[in-house]
Amino acid sequence: PQQVEKLADEVLCFPYPFASMSTQGIWWEDVMQTVKIRYHKENDLTKFFDAPHGDELTKSGMPLILFAKRGQTLAPENFVRLQTTDRHTFEMWAWKRISVNIDFVNHH
């Protein structure tokens, strides 16, 4: 489990780039809540989210990242899951979930 936490901290750099001030001038804490939970032992959270823990976590070698949109009920089916060891994969996965498409139309 310590290797998985080290990977989350040093390779994925979680929660970067979704912490502090963004390059767009947005304080991420105003729009997003990030939390890191150690789940090396089975507990209520690992059971609730069916998260790997202990030997299962060590064997996977990957942290579990969960995402839910604002206003969703706290239910496992409302969370999108990702397990990866690749920082780019994590960032693209997260951006896909928080980006908004805007169409500007000029009628003049």
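**Fold, pocket and local contacts of the predicted chain**

Of the 108 residues of the chain, 26% count as buried. The model is predicted. Five helices and two strands make up the secondary structure. Read along the sequence, these elements follow the pattern α-α-α-α-β-β-α. The C-alpha trace spans about 65 × 30 × 20 Å along its principal axes. The accessible surface comes to about 8200 Å². Carbon and sulfur atoms account for 53% of that surface. Contacts were also examined by sequence separation. Among those between residues at least 6 apart in sequence, 49% join residues at least 24 apart.

The largest pocket has a volume of about 1500 Å³. Its lining consists of 46 residues. Closest to the pocket centre are Phe-14, Gln-33, Thr-34, Val-35 and Leu-66. Several elements give two or more residues to this lining: helix H1 (2–10), H2, H3, strand E1 (64–67) and helix H5 (87–98). The largest share, six residues, comes from H5.

Val-35, listed among the residues closest to the pocket centre, also belongs to a nonpolar surface patch. The patch is made by Val-35, Ile-37 and Leu-45, and has an area of about 250 Å². Leu-45 sits in helix H3, which covers residues 44–49. Its relative accessible area is 39%, so Leu-45 is partly exposed. Patch residues must have over 30% relative accessible area, and Leu-45, at 39%, satisfies this cut-off. Helix H3 is thus represented in the patch by Leu-45, and H3 also gives two or more residues to the lining of the largest pocket.

Helix H2 comprises residues 28–31 and includes Trp-28. Trp-28 has a relative accessibility of 6% and therefore counts as buried. Its contacts were listed without residues up to four places away in sequence. On that basis Trp-28 touches Pro-17, Phe-18, Ala-19, Ser-20, Ser-22, Trp-95 and Ile-98. Trp-95 and Ile-98 fall within the range of helix H5 (87–98). One of the partners, Pro-17, is eleven residues from Trp-28 in sequence. The C-alpha atoms of Trp-28 and Pro-17 are 8.9 Å apart in space.

Met-21 lies in the loop between H1 and H2. With a relative accessible area of 40%, Met-21 is partly exposed. Trp-28, by contrast, is buried. Leaving aside neighbours within four places in sequence, Met-21 is in contact with Ile-26 and Trp-27.

The count of salt bridges comes to one. Glu-91 forms a salt bridge with Arg-87. The closest N and O atoms of the pair are 3.0 Å apart, which places the pair within the 4 Å limit for a salt bridge. Both residues belong to helix H5. Because Glu-91 and Arg-87 are four residues apart in this helix, about one helical turn separates them. The two partners fall into separate accessibility classes. Glu-91, at 16% relative accessibility, counts as buried. Arg-87, at 30%, counts as partly exposed. Helix H5 thus holds the salt-bridged pair and provides the largest share of the lining of the largest pocket.

Methods: Residues numbered from 1 in each chain as written. Predicted model: local features only at pLDDT ≥ 70, side-chain atom pairs only at ≥ 80, totals over all residues. Heavy atoms only, no water. Patch = residues over 30% accessible without salt bridge, like charges linked within 9 Å, V, L, I, M, F, W, Y side chains within 5 Å. Areas by Shrake-Rupley, 256 points an atom, 1.4 Å probe, with all protein chains shown as cover. Salt bridge = Lys/Arg side-chain N within 4 Å of Asp/Glu carboxyl O. Buried < 20%, exposed > 50% of the residue type's maximum accessible area, 1.4 Å probe, protein only. Contact = heavy atoms within 4.5 Å. 1 Å grid on protein atoms, 1.4 Å probe; cavity = no way out; pocket = protein on both sides within 12 Å on 5 of 7 lines; lining within 4 Å. Points joined across faces, edges and corners; volume = space filled by probe spheres on them.
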